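Student: Before we discuss the ligand and the fold, could you put the structure in front of us and go through the reasoning behind the terms step by step?

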Amino acid sequence: MRIDVVSIFPEYLAPLDLSLVGKARQSGLVDITVHDLRDWTSDRHRTVDDTPVGGGAGMVMRADVWGRALDEVLQPGATLVIPTPSGRTFNQREAEDLARRERIVFACGRYEGIDGRVARHYRGADYHVEELSIGDYVLNGGEVATLAMIEAIARLVPGMVGNPESLVEESHGAAGLLEYPVFTRPTTWRGLDVPEILLSGHHANIERWRRDEALERTAQLRPDLIAALAKSQGLSARDLRALSDAGFENPS
Ligand code: JD8
């Protein structure tokens, strides 16, 4: 997978040199290039913004500068991702979809955002243009959102995580539940013991305990996920009993 990122703060993407994504870059599994938008400015002040047409506070990023940059960085068939608080909400499904793409270009905005014609122009030029938000809160720019999305996408690239099985069980994974709590040694810490059943070696009981924990936690914090799971995969009688034992009504 090839990923390009365009930003006026390219150093903001330095964390992509670290950890799993950093290793994936070294092993060639993922090819990430970060570009400075100012390299496509045409004036000696390297201007990328101007006042909003129609008035209003702040500044808007210029379409002509973004156009020169994206014309060069976007290759045929590439997907252009524009992080924006007014975009579709990014989630695990979106990450799985983007992890199947060959080339992705992230356009990181700043100020009040990027001139709206940029997305319209490249959509019109038959590029996949995805305007995505990572959550209902306001950031100062697209870089943090881009870091989050690249990590969520890159770790799904085959060969990235040691045991692909682990991708299934995790929150928002195929199980559709939040994760069960995890523990390790010391088995007693500050008077707190790890749940006895996890020391039993009885794998079926442990698996059942973990699903019950995941069901209870999800019903408490994300009842929308329980309803979706009941609709998509259905809940077993044992699941329903676990939910009612935990005080949660039958979701169907
Ligand atoms: C891109 C400029 C700042 C946003 C005026 C503050 C994503 N979930 C998210 N929250 N915020 C962003 C985001 C914010 C951005 C840009 C993404 C480019 N800003 C603007 C509008 C209000 N300032 C985001 N993904």
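Tutor: A polar contact is a pair of N or O atoms within 3.5 Å, and please keep in mind that the model is a predicted one.

Student: What makes the approach of leucine 132 to the ligand a polar contact?

Tutor: A backbone N or O atom of leucine 132 lies 3.4 Å from a nitrogen atom of the ligand, and since the cut-off is 3.5 Å, the pair qualifies. Isoleucine 134 also places a backbone N or O atom 3.4 Å from a ligand nitrogen, while for tyrosine 137 a polar backbone atom is 2.6 Å from a nitrogen atom of the ligand. The protein covers 85% of the 540 Å² of accessible area that the ligand has on its own.

Student: Why are strands S5 and S6 said to pair?

Tutor: Pairing needs at least two bridges, and three bridges join S5 (residues 79–89) to S6 (residues 103–107), so these parallel strands pass the test. Leucine 80, for instance, has valine 105 in S6 as its bridge partner. Between the two strands the chain passes through helix H3 (residues 92–98), in a β-α-β crossover that is right-handed. S5 also pairs in the parallel sense with S7 (residues 128–133), over seven bridges, and isoleucine 82 has glutamate 131 of S7 as its bridge partner.

Student: How do you know that the length of helix H5 fits its number of residues?

Tutor: H5 (residues 143–154) has twelve residues and reaches 16 Å from its first C-alpha to its last, which is close to the 16 Å expected at 1.5 Å a residue. H5 is also mostly covered, with nine of its twelve residues buried, among them Leu147 and Ile150.

Terms used:
Residues numbered from 1 in each chain as written. Predicted model: local features only at pLDDT ≥ 70, side-chain atom pairs only at ≥ 80, totals over all residues. Heavy atoms only, no water. Helix = DSSP H or I, 4+ residues; strand = E, 2+ residues; numbered from the N terminus. Expected span 1.5 Å × (residues − 1). Buried < 20%, exposed > 50% of the residue type's maximum accessible area, 1.4 Å probe, protein only. Right-handed = clockwise from strand over helix to strand, strands pointing away. Polar contact = N/O pair within 3.5 Å; in protein donor to acceptor, adjacent residues only side chain to side chain. Areas by Shrake-Rupley, 256 points an atom, 1.4 Å probe, with all protein chains shown as cover.
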